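Work through the exercises below with the model open. Each task is followed by a solution in steps.

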Amino acid sequence: MNKIHVQMTKDGSHTLMSSLFDDSYHAHNGAISESEHVYIQSGLADLDPSFERVNILELGFGSGMNAMLTLKRVLGSDGKPGKLKRPIRFVTVEAYPVPSEVIAQLNYKEHLPPALQELFDRLHSAPWGEDVTLFPGFVLHKIHATWDSLALPENSINLVFYDGFAPSKQPELWTQDNFDRLFPMMMPGGMLVSYCANGQFKRNLKAAGFKVKPHPGALGRREMTRAWKPQPGNEE
């Protein structure tokens with residue numbers, strides 16, 4: 001049984017602790033701060049602007065943190081859809097959904113402008129396995145499944161939030177086979193970002209065909225990982 005409880009982190013935002021994996025969902029130095037640095041500032045904000053659409057694939061919906069911060073980034077503090085520059089499709093895969101009574105204990109809405117607080121509730125009330133339009137131009141699709149069962153069309157994703165538990169806690173998520181399967185799903189020029197900077201993880205990405213470059217980590221961590229699927233003719 002996976003018992004999940006809420007913990008406070010140093011930036012005043014909550015994280016969750018999983019008894020099944022004996023690990024936290026976010027950095028204890030700051031849940032929101034870490035996710036903002038890794039997935040928004042180093043990922044979404046740096047995605048190639050030539051993509052007309054943003055097609056995100058997330059490993060681990062969890063607390064909804066990354067989806068929440070994506071909404072905050074594209075809508076701004078007033079929460080008006082007019083700020084959306086590119087349509088976004090946010091596909092997220094979760095094998096162990098967090099119970100609604102745990103989600104209700106999180107203090108994330110305290111860190112959101114009022115216009116976005118209702119959207120956080122809608123992230124979690126959205127049914128699994130269906131396209132849900134949170135507002136025009138932003139579609140959420142939650143998949144209740146294990147990562148190794150995921151099958152998406154080739155060249156359908158241009159941004160991956162690889163946010164599983166650490167390799168020492170959930171090693172099956174970090175195997176070579178996962179990245180061999182993921183590579184063809186991604187569009188040329190698409191980016192993968194992860195808090196993890198494990199050496200074997202980066203070697204597996206390279207073996208699958210990704211270009212991997214070091215990037216400064218969040219909250220005192222030396223590195224995080226950014227990787228790209230090369231454009232044709234630019235494999236080196």
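## Exercise 1: the eight-stranded sheet

Task: determine how strand 10 pairs with strand 11, and place the two strands in their sheet.

Solution. Step 1: strand 10 and strand 11 (residues 223-228) are joined by 6 bridges in the antiparallel sense; two strands count as paired if DSSP finds at least two bridges between them. Strands (E, at least two residues) and helices (H or I, at least four) are DSSP runs, numbered from the N terminus. This is a predicted model, in which local features need pLDDT of at least 70 and side-chain atom pairs count only at pLDDT 80 or more, while totals for chains, interfaces and linings use all residues. Residues are numbered from 1 along each chain as its sequence is written, and side-chain values use heavy atoms, with hydrogens and water left out.

Step 2: P214 has T225 in strand 11 as its bridge partner.

Step 3: the open sheet has 8 strands in the order 6-7-5-4-8-9-11-10, with mixed pairing. Strand 6 (131-135) and strand 10 (211-216) are its edges, each pairing on one side only. On average, neighbouring strands are turned by 20 degrees against each other, direction ignored.

## Exercise 2: strand 8

Task: find the partners of strand 8 and state how many of its residues are buried.

Solution. Step 1: strand 4 (residues 54-59) runs parallel to strand 8 and is joined to it by 4 bridges. L59 stands opposite Y162 in strand 8.

Step 2: strand 9 (residues 186-194) also pairs with strand 8 in the parallel sense, over 4 bridges. Here L159 has M191 in strand 9 as its bridge partner.

Step 3: 6 of the 6 residues of strand 8 are buried (under 20% relative accessible area, with exposed over 50% and partly exposed in between; 1.4 Å probe, protein chains only).

Step 4: the loop between strand 8 (157-162) and helix 5 holds Q170. Q170 is buried, with a relative accessible area of 8%. Leaving out residues up to four places away in sequence, Q170 touches F21, Y96 and F165, where contact means heavy atoms within 4.5 Å.

## Exercise 3: two helix pairs

Task: classify the packing of helix 1 with helix 2 and of helix 5 with helix 6.

Solution. Step 1: the axes of helix 1 (residues 31-41) and helix 2 (residues 65-75) come within 10 Å and cross at roughly 70 degrees. Axes are lines fitted to C-alpha atoms, for helices over the stretch in contact, and angles run from 0 to 180 degrees between N-to-C directions. Helix 1 and helix 2 are therefore roughly perpendicular (65 to 115 degrees; under 35 is roughly parallel, over 145 roughly antiparallel, and the rest oblique).

Step 2: the contact of helix 1 with helix 2 divides into 7 nonpolar, 3 polar and 2 charged residues. Ala, Val, Leu, Ile, Met, Phe, Trp, Tyr, Cys and Pro count as nonpolar, Asp, Glu, Lys and Arg as charged, and the others, Gly among them, as polar.

Step 3: helix 5 (residues 176-185) and helix 6 (residues 199-208) pack at about 40 degrees, with axes 9 Å apart. That angle makes helix 5 oblique to helix 6.

Step 4: Q176, F179, D180 and F183 in helix 5 meet F201, N204, L205, A207 and A208 in helix 6. By class, this contact has 6 nonpolar, 2 polar and 1 charged residues.
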